Amino acid sequence: MTAPTVPSPAFVRDLLGRRDYAIISEIVTPGARVLDLGCGDGELLEWLAAHKDVKGRGVEKSGARVQRAIARGVSVFQGDIDGGLADYPDRAFDYVILSQTLQETVYPRAVLREMLRVGTRAIVAFPNFGHWRMRLSMLTSGRAPRTALFPYQWYESPNIHILTVLDFEELAALEGLTIERRYFLAGHRKVTLMANLLAEVAVFLVAR
Amino acid sequence: MIVESNTVRFDSLTLDSGSTLGPVDVAYETYGQLNAAKTNAILALHAFSGDAHAAGISPETGKPGWWDNMIGPGKGFDTNRYFVICSNVLGGCRGTTGPASINPATGCPYAMSFPVITVGDMVRLQKMLIDSMGIPRLLAVTGGSMGGMQALEWAVSYPGRVVAAIPIASTTRHSAQQIAFNEVGRQAIMADPDWNAGDYYGKQPPARGLAVARMVGHITYMSDDSMREKFGRRLRGKQDFSFGFDVDFEVESYLRYRGSQFVNRFDANSYLYITKAMDYFDLAYKQPSLAAAFEPAESRFLVISFSSDWLYPSYQSQEIVRALRSRNCDVAYVELESNYGHDSFLVDVAEQSELVRGFLASTFEKAQ
């Protein structure tokens, strides 16, 4: 087993090609118990296990992805995030990660509640629908916006609950959650001002 | 890979029913090499009609083992890396003591005087075998169907002896439907006059009853799709119906063939005893819940089910997984797409092999 090391965000970015993973790997403490919802091929969990010695579990809907995740040694359960966490006991995890998947869930509010029942903290990363390109695309084309972040035709899009930075903060307040950290990204840069307009991806660390 | 079958004898075995059986022979085969630290041993557990011949070519019959596509050099259970053991179950008829074995007290076959056995008894005997081999801890216990039941039993009965369990197309207990199919098989055997209350050794065995039981079994192992693909309504060697009760359809011919073949290699009384053991199996027996039954378990789990398996449907595997998750156990689960019904774990092994390969590699690495 590789000794836990402090990951270089650039390395994570280059390795996995996902900007939000760099942030998540910054947040997660070594040795933590982590549940990754919508974990795909399990690449983040594999990385966290190898570099931060986390005890990782995953949930993924796609059977093909679950197969690839298990084949790489990650313990993944094939199932739906909506309602799929009910079996887990309270506080079974230190972190529950939902990376770029909240907008694909049928009941995002219920999912958020379940995340903070089974986990002490939730890390939620999502594409920000409030980004200026989205707004411009909608304003000029008059159609459901399509950008690099939201590349789908409206009728093919898995993104059924699109949200903005402000939307998430409002839901967090409504749920009485504490936002412990927030990160905003545009390309590989961090955004500090006017996040709702300039951030392509937002990452929140929340606790109840 | 030519393999040899070994047999080891134990003086006695205490059974769940309270009785004792002895001496007890266990037939087993091994594949690959046990490493010096004895940390690479995997116990493969056969399903209802299987035997110790899991892989390689038997010098006796010239036939490959029942999981030859999964166990071998470079295969899912890679014998270049792991040492795989497979033994015939208690009550079986392929080298391990069962109802056809000679009762030393009488000098005659046990027949129906053989004690009723359980999956727990099978596993207790396997543990004696593993002890006799000096293996402190198995890297994995694995099997499909009844083999999966044994894997689950291992995980809760001998938690310190199992690093990982891989139950495939299995369940923690039979449903009414599964018991019903087994009962039809048993009744077919017992309704055959040649069964003679189990006393047929050295005489005409209940071949017709056993063949009918096997025919029913084969239907439950396939799927509607796989039967349509394999047989459809094709006629056997004729252009039109015979308007009689000889074989018309391919599927009739196939079932009759499989039924008659089975009679040559399987003992009818073993059929009764082993199916009853499967029906009695209930991991949550006398426990408040399935989750409570899993309380002692310490191993990792990889649970696999198949989309077209209607005999051991995915919901039964999911019950295992839900109970394990509620205990926060390390469990991976996937339902594989396959058209082959319950037989999928034996015949449609490409994806299963990849899962097992990766799961074992990470388990082995973590366990060192």
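Strand S5 (residues 41–44) of chain B and strand S11 (residues 138–144) of chain B run parallel and are joined by three bridges; strands are DSSP runs of E with at least two residues, helices are runs of H or I with at least four, and both are numbered from the N terminus. Two strands count as paired if DSSP finds at least two bridges between them. The model is predicted: local features need pLDDT of at least 70, side-chain atom pairs count only at pLDDT 80 or more, and totals for chains, interfaces and linings use all residues. Residues are numbered from 1 along each chain as its sequence is written, and chains are lettered from A and ligands numbered from 1 in the order in which they are written.

Within the pairing of S5(B) and S11(B), Ile42(B) has Ala140(B) as its bridge partner. S5(B) is also joined, by four bridges, to strand S8 (residues 83–87) of chain B, and these two strands run parallel. Here Leu43(B) is partnered by Ile85(B). Which residues of S5(B) are buried on its two faces? Ala41(B) and Leu43(B) are buried on one side, and Ile42(B) and Ala44(B) on the other, so both faces are covered. A residue is called buried if 20 or more other C-beta atoms, placed from the backbone, lie within 10 Å of its own, exposed if 12 or fewer do, and partly exposed in between.

Ala44(B), leaving aside neighbours within four places in sequence, is in contact with residues including Trp67(B), Phe77(B), Val84(B), Ile85(B) and Thr142(B); contact requires C-beta atoms, placed from the backbone, within 7 Å. Ala44(B) also belongs to the largest nonpolar core, which has 167 residues, and is named with Ile70(A), Ala202(A), Ile42(B), Val84(B) and Ala165(B) as touching the most other members. Such a core is a set of buried Ala, Val, Leu, Ile, Met, Phe, Trp, Tyr and Cys residues joined through C-beta atoms within 7 Å. This core lies between domain 1 (6–174 + 282–367) and domain 2 (178–276) of chain B, because both give residues to it. In soluble globular proteins, nonpolar side chains tend to be buried together.

The bounds of these domains come from an automatic or database domain assignment. The centres of the two domains of chain B, taken over C-alpha atoms, are 26 Å apart. Domain 1 contributes 24 residues to their contact and domain 2 contributes 20 residues. On the domain 1 side, 14 residues are nonpolar, nine polar and one charged; Ala, Val, Leu, Ile, Met, Phe, Trp, Tyr, Cys and Pro count as nonpolar, Asp, Glu, Lys and Arg as charged, and the others, Gly among them, as polar.

Two helices of chain B may be considered next. Ile130(B) is found in helix H1 (residues 119–132) and is buried, because 23 other C-beta atoms lie within 10 Å. Beyond four places in sequence, Ile130(B) touches Leu43(B), Ile135(B) and Leu138(B). Helix H11 (residues 350–367) has 18 residues and an expected span of 26 Å, which agrees with the 26 Å between its end C-alpha atoms; the expected span is 1.5 Å times one less than the number of residues. Buried residues of H11(B) include Glu351(B), Leu355(B) and Phe359(B).

The contact between the chains takes 15 residues from chain A and 22 residues from chain B. On the chain A side, helix H4 (63–71) and strand S3 (75–78) each supply at least two residues, and H4(A) gives the largest share, five residues. Both faces of S3(A) are covered, with Ser75(A) and Phe77(A) buried on one side and Val76(A) and Gln78(A) on the other. Four bridges join S3(A) to strand S2 (residues 55–60) of chain A in parallel, and Gly58(A) stands opposite Val76(A).

Definitions and conventions: Two residues are in contact if their C-beta atoms, placed from the backbone, lie within 7 Å.
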